[in-house]
Amino acid sequence: MTTFDDLLEEAGTFGRCQRRVVALLCLVSMPFAGVYVGIVFQGFTPDHWCRDPGVVQRRQACDWSPAVSRRLTVPLVNRSGVLQQSSCEQYEVDWNTTALACDTQELDLSEIPVTACKNGWEYQYEGRKSFVTEFNLVCSDGWFVDMNQSALNLGFFIGSFAFGFFADRFGRKMSFLMSNALNAIAGIAVAFAPNYISILVLRSILGFGAKGGWMSSYVLLTEIVGVQYRRTVGILFQMFFSVGVLVLPLLAYFIPDWRWLQVVISVPYIFFLFYYWFIPESPRWLISQNQSAKALEVTEAMAKENKRKIKDSALFQTLTDEEGDSSSASLLDLIRTPNMRKHTFILMFNWFTTAVVYQGLIMRVGITGKNVYINFFISGLVEFPAAFLILFTIERVGRRIPFAAANMVAGAACFITAFIPDSMIWLKTVVACIGRLGITMAFEMVVFVNTELYPTHIRNLGVSVCSTLCDVGGMVSPFLLYRLAAIWLELPLLVFGVVALIAGGLVLFLPETRGVPLPETIDDVEFPNRKKDSGVEKQQNKEPLKMDLTNNKEETTV
């Protein structure tokens, strides 16, 4: 049976057209990094303490350092077994009614009662502004910071369903363009939001658009290239996200106001709207929708740009009749049959795990008390070896073993990091980076493994629905991190380690997809041996096909 992959061999599996489209769509991945993990800088919570107007006045008169005035304002409290100055309590003293001298060395405040902060906070964050410092989202209001990332992931969650249906019913290209229009409007609106509630609402809308566009871009990339290039373009797409992760701390360092940083992150989505004239619709999707004429038009345009020629255009009608499983996608298709059901549940848990651990480890950079810009940049560098390790192993070893091993390495590293003392900072950093490397590999692999396990007519829906558990994980992750870290800074790492190890074990129950053509129908998933036999037969006929194409070129030249 002839498949679209056969026709793609004639049009070019990775010619000039595909390289151009891949280059354009990979750029979409860069600003998505700012949307996804920009909270580390936009919502950074600096060292802070209660503001006492009387002490502030005396500090100015006596030329005290902030450390002296802080000692007079806040008591010592026990945090994880260490005495530290409180961030949320102050001495209950009216310094305006006392004769406070400039020499305070002998002043004993240990017996003075304490109370919650009454006059706001002071921040050790001179010259910079996050939405935490602007809206005083600390202490009892600190959970609002958790809500910011959760609101974004709530938008991801809803957008996965909405854009999943939209892309499978109306096309990858239309879904992509609509999402970018929404991203540009909502992203810039966040920068001008007057209050924090409106920021949360707009962040949800931004997440709604950003997730759908990102997933549509990825699916479109994998559908216009040959089977041998799917993993390359998929990992390349992910690598551009890593480039965005590296660029983000540089932008945050030189743009100290979180609102202007938000504008810079959002502006690229305006330029992506011009892709209307530069990217095609997916021929695979058109075939699945019984639109053979349009599929032929797009494929011939690709062949022309690749300086190739389609030999027998009548085969497109055959593809429509034989491979067009259904023109509409259904959620039940994901769980109706045994293999589809197994794949769906395992992939859902892995999406959940990668989101919880990946976002948790990134956001943890902002609460360790070290230089957030340097630490974020160093941890971002780790993502590049992850991409190269994937490229090196998946065609030699396969998908399943590296995918499972990446999760298990991440889980083990989280456990080990939690028990390394702070005095061994370099060892702790190295092991933590290994954990980040492992979960980055798992995150990059779950995307293209998910794509390779579903048939064409529900591929975008399958990726979108499974990735909703990524969004659930993203909603849970900030609460796990910040609330558990308040008990013990390393406690979240233990939770991350458990879920990562479980995810790695479940991956071993998935089938290997190395060298297997993309499934076109649900039967291809339920009866994989039939698809493998077809792939072997196609490989055996590859040389005669090349000779036929060569002869066709010679006839055309004559």
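Begin by selecting S29, P31, F32, A33, G34, V35, Y36 and V37, which are the buried residues of helix α3 in this predicted model. Helix α3 spans residues 29–37 and is mostly covered, since eight of its nine residues are buried.

Keep α3 on display and add helix α11, residues 230–254, whose axis comes within 7 Å of the axis of α3 and crosses that axis at roughly 55°. The two helices are therefore oblique to each other, because an angle of this kind falls outside the ranges that count as roughly parallel, roughly antiparallel or roughly perpendicular. Turning the view so that one helix lies in front of the other, you can follow α3 as it passes α11 in a right-handed crossing. To see what fills the contact, show the side chains of S29, M30, F32, A33, G34, Y36 and V37 in α3, which meet F237, F240, F241, V243, G244, V245, V247 and L248 in α11. Sorted by character, the residues of this contact divide into twelve nonpolar, three polar and no charged.

Next, move to helix α10, residues 196–224, and select S216, which lies in it. S216 is buried, with a relative accessible area of 1%. Leaving aside residues up to four places away in sequence, the residues that S216 touches are A167, R172, S175, F176 and N460, and displaying them together with S216 shows its surroundings.

The cysteines come next. How many disulfides does the count come to? The count comes to two disulfides, where a pair qualifies if its sulfur atoms lie within 2.5 Å.

Select C50 and C117 for one of them, a disulfide with an S to S distance of 1.7 Å. The torsion about the S-S bond of C50 and C117 is about -60°, so this disulfide is left-handed. The pair links distant parts of the chain, with C50 in strand β1 (residues 48–50) and C117 in the loop between β5 (114–116) and β6 (121–123), 67 residues apart. Are its two ends buried or exposed? C50 counts as buried at 0% relative accessibility, and C117 is buried too, with a relative accessible area of 17%.

Then select C88 and C139, which are joined by a disulfide with an S to S distance of 2.1 Å. The link of C88 and C139 is left-handed, with -95° about the S-S bond. Here too the pair links distant parts of the chain, as C88 sits in the loop between β3 (82–85) and β4 (89–91), C139 sits in the loop between α7 and α8, and 51 residues separate them. C88 is partly exposed, with a relative accessible area of 30%, and C139 is likewise partly exposed, with a relative accessible area of 26%.

Stay on C139 and inspect its backbone, where phi is near 55°, a positive value in a residue other than glycine. Most residues other than glycine have a negative phi. The loop that holds C139 runs between α7 (131–135) and α8 (143–170).

For another positive phi, go to K307, where the angle is near 60°, again in a residue other than glycine. K307 is found in the loop between α15 (292–305) and α16 (315–323), and at 74% relative accessibility K307 counts as exposed.

Finish with two further cysteines, C466 and C470: C466 counts as buried at 0% relative accessibility, and C470 is buried with a relative accessible area of 4%.

Note on methods
Residues numbered from 1 in each chain as written. Predicted model: local features only at pLDDT ≥ 70, side-chain atom pairs only at ≥ 80, totals over all residues. Heavy atoms only, no water. Buried < 20%, exposed > 50% of the residue type's maximum accessible area, 1.4 Å probe, protein only. Helix = DSSP H or I, 4+ residues; strand = E, 2+ residues; numbered from the N terminus. Axes fitted to C-alpha atoms, helices over the stretch in contact; angles between N-to-C directions. Parallel < 35°, antiparallel > 145°, perpendicular 65-115°, else oblique. Left-handed = near helix turned anticlockwise from the far one by under 90°. Contact = heavy atoms within 4.5 Å. Nonpolar A, V, L, I, M, F, W, Y, C, P; charged D, E, K, R; others polar.
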